[in-house]
Amino acid sequence: MKQFLTALLLLTTLVVTAQRMERLEEVFSDVVVKKGHAIIYGNFIQRLGVNGFGFSQEVRLLNTDTDQVMKFVVKQTFKSRKEQPFTYFIKPGNYVILNYLWTQSKWYGGYITAEPIFKGIDASDHINEKMNSGQLKQIDLEVYGFTITENSLNYLGTWHFDTGLVSFTDDKETLDKWIIPKYKKLDFTISKAVLPN
């Protein structure tokens, strides 16, 4: 199963630009969980020093039940704060993190980079060259995944994408204190911690 999932992830990463992706809908204040959906929330620590201040940054997910690729913004355009909270509606299912999309400013516009995300692998360290040379083998690559249930509120953790080697930590108590006043109709005391693993 691990080998199949890794192969599917790599194939999806290669063709993801040709596939129509679903953009997750952001949750604004005074909302409740939509019937048949769920809400995910967390805190994203962006990559600084990529010289892409004016551009947004995204994370792409794959629903492994439906093979649908989804994306959501983790850093808004022209936002420079290192940490960015996120809150989105999502359909229930099993998800894996495909890649992290960021843009480096160039004199002619921007250069888009889509870094694949694997456990214990620094995606910014020439991962494609290492795979082509055989230094990294598909069988060695593990993905981060999580499961979302219907009509639930899910804390996905603090996403540390500030380096090529990503990690996830549980800072729910701190984020909940900040986010509760903004979303008065959501009961964060019943939210589940569903950190990618």
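Two strands pair here if DSSP finds at least two bridges between them, and strands (E, at least two residues) and helices (H or I, at least four) are DSSP runs numbered from the N terminus. Keep in mind that this is a predicted model: local features need pLDDT of at least 70, side-chain atom pairs count only at pLDDT 80 or more, and totals for chains, interfaces and linings use all residues. Residues are numbered from 1 along each chain as its sequence is written, and side-chain values use heavy atoms, with hydrogens and water left out.

**Stop 1: strand β9**

Select residues 153-160, which make up β9. Eight of the eight are buried (under 20% relative accessible area; exposed is over 50%, partly exposed in between, with a 1.4 Å probe and protein chains only). The strand is therefore largely enclosed by the rest of the structure.

Now add the partners of β9:

- Strand β2 (residues 38-45) runs parallel to β9, joined by six bridges. N43 has T158 of β9 as its bridge partner.
- Strand β11 (residues 192-193) also pairs with β9 in the parallel sense, over two bridges. Look for Y155 opposite A193.
- Strand β10 (residues 167-169) pairs with β9 in the antiparallel sense, over three bridges. Here H160 is matched with S167, and a hairpin of six residues joins β9 to β10.

**Stop 2: N43**

Stay on β2 and select N43. Its relative accessible area is 9%, so N43 is buried. Show side chains and you will find a polar contact (N or O atoms within 3.5 Å, one able to donate a hydrogen and the other to accept it; residues adjacent in sequence count only if both atoms are side-chain atoms). That contact joins the side chains of N43 and E83 at 2.6 Å. Contacts in general are heavy atoms within 4.5 Å. Leaving out residues up to four places away in sequence, N43 touches E83, Q84, P85, F86, G157, T158, W159 and L175.

**Stop 3: aromatic rings**

Rings of Phe, Tyr and Trp (its six-membered ring) pair if their centres lie within 6.5 Å; planes under 30 degrees apart count as stacked, over 60 as edge-to-face and the rest as tilted. By this rule there are 15 aromatic pairs. Try Y41 and F188: they are edge-to-face, 5.0 Å centre to centre with 85 degrees between the planes. This pair links distant parts of the chain, with Y41 in β2 and F188 in the loop between α3 (172-179) and β11, 147 residues apart. Y41 is buried at 0% relative accessible area, and F188 counts as buried at 4%.

Next, centre on F44 and F161. The ring centres are 5.0 Å apart and the planes meet at 45 degrees, so this pair is tilted. Because F44 lies in β2 and F161 in the loop between β9 and β10, the pair ties together parts that are 117 residues apart in sequence. Both F44 and F161 are buried. From there, extend the selection to the cluster that ring pairs build from F44, F72, F86, Y88, Y100, Y144, W159, F161 and F168.

**Stop 4: two loops**

Most residues other than glycine have a negative phi. Select D67, in the loop between β3 (57-63) and β4 (68-75): its phi is positive, near 60 degrees. D67 counts as partly exposed, at 43% relative accessibility. Finish at N151, in the loop between β8 (145-148) and β9. N151 has a positive phi of about 55 degrees although it is not a glycine, and N151 is partly exposed at 45%.
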